[in-house]
Amino acid sequence: TTSGGVDRYEISQREVSLEILPGVRTPMWTYHGTFPGPTIEARRGRPITVTHRNELPVPTVVHLHGGRNTPDSDGYPTDLVLPDGWPAPAHPMHGMAGMTDPRAVVTRLTRDYTFPMDQRPALLWYHDHRMDFTAPAIWRGLAGLQIVRDDAEDSLGLPAGPRELPLAITDRAFDADGGLRYPALDPTLREQPGVHEAYLAGVLGDVILVNGAPWPVHEVDAVRHRLRVLNASNARHYELEAVTDDGRRLDLVQVGADQGLLEAPVTHQFLPIAPAERYDVVIDFAGVPVGSLVRIVNRLGSGRTRDVMAFRVARKAADDSRVPRTLSTDLPTWRRSDAVRVRDFSFRAGRVHGGHGWLIGGLPFDPARPDVTVRLGDVEVWRLVADVHHPVHLHLAGFRVLSRGGKQPLPHDAGLKDTVSLRPGESAEIITRFDGYRGRYLFHCHNAEHEDMGMMANLEIV
Ligand code: C2O
Ligand code: CU
Ligand code: CU
């Protein structure tokens, strides 16, 4: 609904059983009864308010990943929406470590999240962000897409309508009767050898879902399509390629990154995608024989996790789309010399509350500890270094990758990002300007289990 120039949405968070695998029901936690949740379509500069109603048996928090919004709508991990009947916490916070957070704003049953949508057109996504419990909540289904558009992008002539396909790629594990398997939720799994290590590394599944369906086959015309790819997996990395029945690899023409359009298209043979990253990619099925398949394959997978989905080229058709040589001219071009500060952050394993966990700069997340204070409007360079694979995500501020491993960024680092995938042992430099709003935000690893096990820090913009 619309009132006073603000588009309003209502989403009820509720438990439903969905038929994800044929013939069995999977109990899930959903946004409004579907998995993924409803896709929210937004126009640049047109604010939206989403009222979330928590009908789940646990507190929730909603975060719009990639959104530029005030801190009170950013889904800080202690800003809980309590379900009806859930005891009000003695302290406005009850993480595993018993920490308290005097700044938490707790509501009961509902909460309005407001997004100005004063940002570049992009594929965003919303997901749960409760402290210590984000990973199992996303695993159980709390994720959905939000697309921001504007007139300039609409007029580029990129494939549109049924030829624009948002693809949320995830993996899940199921038991025989359809229930989701997640180590920390299942006492019988918890005790098995190797399960703790698997949880520490990040939980993987052996079923690949695209938009909630296992290994789907999607019918397409033999024309260009725009694939808006999100890796919504908790921990799985992919290297995606498009392969025809006769073994030919189709070009993946990247037109956008996490935070919207590139300056100019970049052609890839395959695309690495870490949890929470997005790629906007045009693929041309024109040369593919009618009736045959184009498989989207994960080069990092094996067996069941190698296949992601397929396109069946159903018929020839006219193609009025195009991929312009100039896609956008408004990308920030911060230079190293613009930066007023350089900061270093390590992302490494360590001890958290007496057990194994994941640390930023040697510390586990604590909502009460300010980690980084930046001034509104300042440009900074952050040097990030990782022990194992860590996709590092910054709230509020889109950034550019300045260097990777001491060298030039890779082709897929192009554009404006909000998540950068650090490979094992690798360092990267990012540059950003902290503009938008003052207040408390976050940066963290987007391996959802790493995040829950401490790999998150506070970013205070003053
Ligand atoms: Cu996609 Cu802080 O999250
Ligand atoms: Cu985010
Ligand atoms: Cu990590």
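Colleague: What makes you say that domain 2 and domain 3 are in contact?

Modeller: In this predicted model, 22 residues of domain 2 are in contact with 19 residues of domain 3. The term requires C-beta atoms within 7 Å, so each of these residues meets that cut-off with a partner in the other domain.

Colleague: Which elements supply the side of domain 2 that touches domain 3?

Modeller: Helix H4 (195–201) and the strands E19 (252–257), E20 (260–268) and E21 (271–273) each supply at least two residues. The largest share comes from E20, with 4 residues. By class, that side of domain 2 has 12 nonpolar, 8 polar and 2 charged residues.

Colleague: Where do the domains begin and end, and how far apart are the C-alpha centres of domain 2 and domain 3?

Modeller: Domain 1 covers 2–150, domain 2 covers 161–315 and domain 3 covers 336–461. The C-alpha centres of domain 2 and domain 3 are 25 Å apart.

Colleague: How do you know whether the radius of gyration of the protein agrees with that of a compact globule?

Modeller: For 462 residues, a compact globule would have a radius of gyration near 23 Å; the protein has 21 Å, and therefore the value agrees. The C-alpha trace spans about 65 × 60 × 50 Å along its principal axes. The protein has 5 helices and 34 strands, and buried residues make up 45% of its 462 residues. Of the contacts between residues at least 6 apart in sequence, 77% join residues at least 24 apart.

Colleague: Why is isoleucine 208 called buried or exposed?

Modeller: A residue is buried if 20 or more other C-beta atoms lie within 10 Å of its own. Isoleucine 208 has 25 such atoms, so it is buried. Its place is in strand E13 (residues 207–210). Beyond four places in sequence, Isoleucine 208 touches Ile169, Asp171, Pro214, Trp215, Thr305, Asp307 and Val308. Isoleucine 208 and aspartate 435, 227 residues apart in sequence, are 37 Å apart from C-alpha to C-alpha.

Colleague: Which residues touch the most other members of the largest nonpolar core?

Modeller: Ile169, Val229, Leu230, Val281 and Val308 do, in a core of 79 residues. The largest share of this core, 5 residues, comes from strand E10 (residues 122–128). Isoleucine 169 itself is in contact with residues including Ile208, Val229, Leu230 and Val308. A second, separate core has 33 residues, among them Val392, Val401, Leu442 and Met453. In soluble globular proteins, nonpolar side chains tend to be buried together.

Colleague: Why does isoleucine 283 count as buried or exposed?

Modeller: Isoleucine 283 has 20 C-beta neighbours inside 10 Å. The definition asks for 20 or more, so the residue meets the cut-off and counts as buried. Isoleucine 283 is in strand E22 (residues 278–284). Leaving aside neighbours within four places in sequence, isoleucine 283 is in contact with His225, Leu227, Ala242, Leu250 and Leu252. Arginine 226 is 57 residues from isoleucine 283 in sequence, yet their C-alpha atoms are 6.5 Å apart.

Colleague: What sign has phi of asparagine 211, and why does this residue count as buried or exposed?

Modeller: Phi of asparagine 211 is near 50°, a positive value in a residue other than glycine. Asparagine 211 is found in the loop between E13 and strand E14 (213–214). With 20 C-beta neighbours inside 10 Å, asparagine 211 meets the cut-off of 20 and therefore counts as buried.

Colleague: How do you know whether methionine 117 is buried or exposed?

Modeller: Methionine 117 has 24 other C-beta atoms within 10 Å and is therefore buried, given the threshold of 20. The residue lies in the loop between strand E9 (110–115) and E10. Methionine 117 has a positive phi of about 60° although it is not a glycine.

Colleague: Is the peptide bond from phenylalanine 35 to proline 36 cis or trans, and what is its omega?

Modeller: That bond is cis, with omega near -10°. Proline 36 is found in the loop between strand E3 (26–31) and strand E4 (37–43).

Colleague: Where does UniProt place the feature "domain: Plastocyanin-like"?

Modeller: The unreviewed UniProt entry places this feature at residues 18–77 and 357–459. In the model, residues 18–77 are 0% helix and 42% strand, with end C-alpha atoms 27 Å apart. Residues 357–459 are 5% helix and 46% strand, and there the end C-alpha atoms are 21 Å apart.

Notes. Residues numbered from 1 in each chain as written. Chains lettered and ligands numbered in written order. Predicted model: local features only at pLDDT ≥ 70, side-chain atom pairs only at ≥ 80, totals over all residues. Domains from an automatic or database assignment. Contact = placed C-beta atoms within 7 Å. Nonpolar A, V, L, I, M, F, W, Y, C, P; charged D, E, K, R; others polar. Core = buried A, V, L, I, M, F, W, Y, C linked by C-beta atoms within 7 Å. Buried ≥ 20, exposed ≤ 12 C-beta atoms within 10 Å, placed from the backbone. Rg over C-alpha atoms; globule rule 2.2 N^0.38 Å. UniProt positions renumbered as here; feature names shortened; annotations may be inferred.
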